[in-house]
Amino acid sequence: EALQFRGGVLLSPLGAFNLLHDSPLNDLTERPTVSRQLIPSTLSESGMGFFGTLYPGEESVFSYQAYLVNGFNEGIIDTTRGGLRVRGGRGSQKADNNEDKAVVIRAGFSPTLGANLGLSVHSGQYDNAGNHRLTISALDAKWSFGALEIQGEAALVNAEVNRVLYPTVAEKQSGWYGQMNYHLLH
């Protein structure tokens, strides 16, 4: 369980919601805005890497995923809307648009049953020339206390932008969501 290899089209471990995006697993039908615009939900990428689970204590669990993937492309910049639109820059699952591979890493820690914390990073060159980097960082947490559940996710997008071509495009975006659920007749 500690070290396993995976390759092919991967569900990118960028944020907890991307990994658990299926509607039956969520209490609300609308996906959070941060998981649609900053972290594209259902983000699948071609790549390969390692994942595993470790048990440092009797109740605690540490998990990780680390992959090399094709990454995003120049579609992250939307000139019609005047800014970054990460969802529009999903890379090809067949070929990379530049020579640089992106890295996506997620580490999760559960200190006890019902508590989960996660940190994710996705970083790589996105433009065709391979000169500009896009980095997305995400922090997620979920706590369950019997029928009460509190969860949330925050993301920060940092893109190096060609100022000659796109002088007004913002280089940073951030967002978060929080949600509280109470499960009746659970």
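Two strands count as paired if DSSP finds at least two bridges between them. Keep that idea in hand as you look at this predicted model, a protein with two helices and ten strands. Its strands β8 and β9 show such pairing well: in β9, the bridge partner of Leu 139 is Ala 154.

**Overall layout**
- Following the sequence, you meet the pattern β-α-α-β-β-β-β-β-β-β-β-β.
- The C-alpha trace spans about 55 × 35 × 25 Å along its principal axes.
- A compact globule of 186 residues would have a radius of gyration near 16 Å, so the protein's 17 Å agrees with that expectation.

**Strands side by side**
- Strand β8 (residues 133-145) runs antiparallel to strand β9 (residues 148-159), and twelve bridges join them.
- Two residues lie between the strands in this hairpin, where Gly 146 takes a positive phi near 65°.
- β9 also pairs with strand β10 (residues 172-182), in the antiparallel sense and over eleven bridges.
- In that second pairing, Leu 156 stands opposite Ser 174 in β10.
- As a general point, side chains in a regular strand alternate between the two faces of the sheet.

**Inside and outside**
- Of the 186 residues, 38% count as buried.
- The protein exposes about 10,400 Å², and carbon and sulfur atoms supply 57% of that area.

**Contacts and charges**
- Take the contacts between residues at least 6 apart in sequence: 59% of them join residues at least 24 apart.
- The protein has 14 positive and 18 negative charges, and the mean positions of the two groups are 6 Å apart.

Conventions. Residues are numbered from 1 along each chain as its sequence is written. This is a predicted model: local features need pLDDT of at least 70, side-chain atom pairs count only at pLDDT 80 or more; totals for chains, interfaces and linings use all residues. Side-chain values use heavy atoms; hydrogens and water are left out. Helices (H or I, at least four residues) and strands (E, at least two) are DSSP runs, numbered from the N terminus. The radius of gyration is taken over C-alpha atoms; the globule rule is 2.2 Å times the number of residues to the power 0.38. Buried means under 20% relative accessible area, exposed over 50%, partly exposed in between (1.4 Å probe, protein chains only). Contact means heavy atoms within 4.5 Å. Accessible areas come from the Shrake-Rupley method with a 1.4 Å probe; for residues, only the protein chains shown count as cover. Lys and Arg count as positive and Asp and Glu as negative; His and the chain ends are not counted. The place of a charge is taken as NZ of Lys, CZ of Arg, CG of Asp or CD of Glu.
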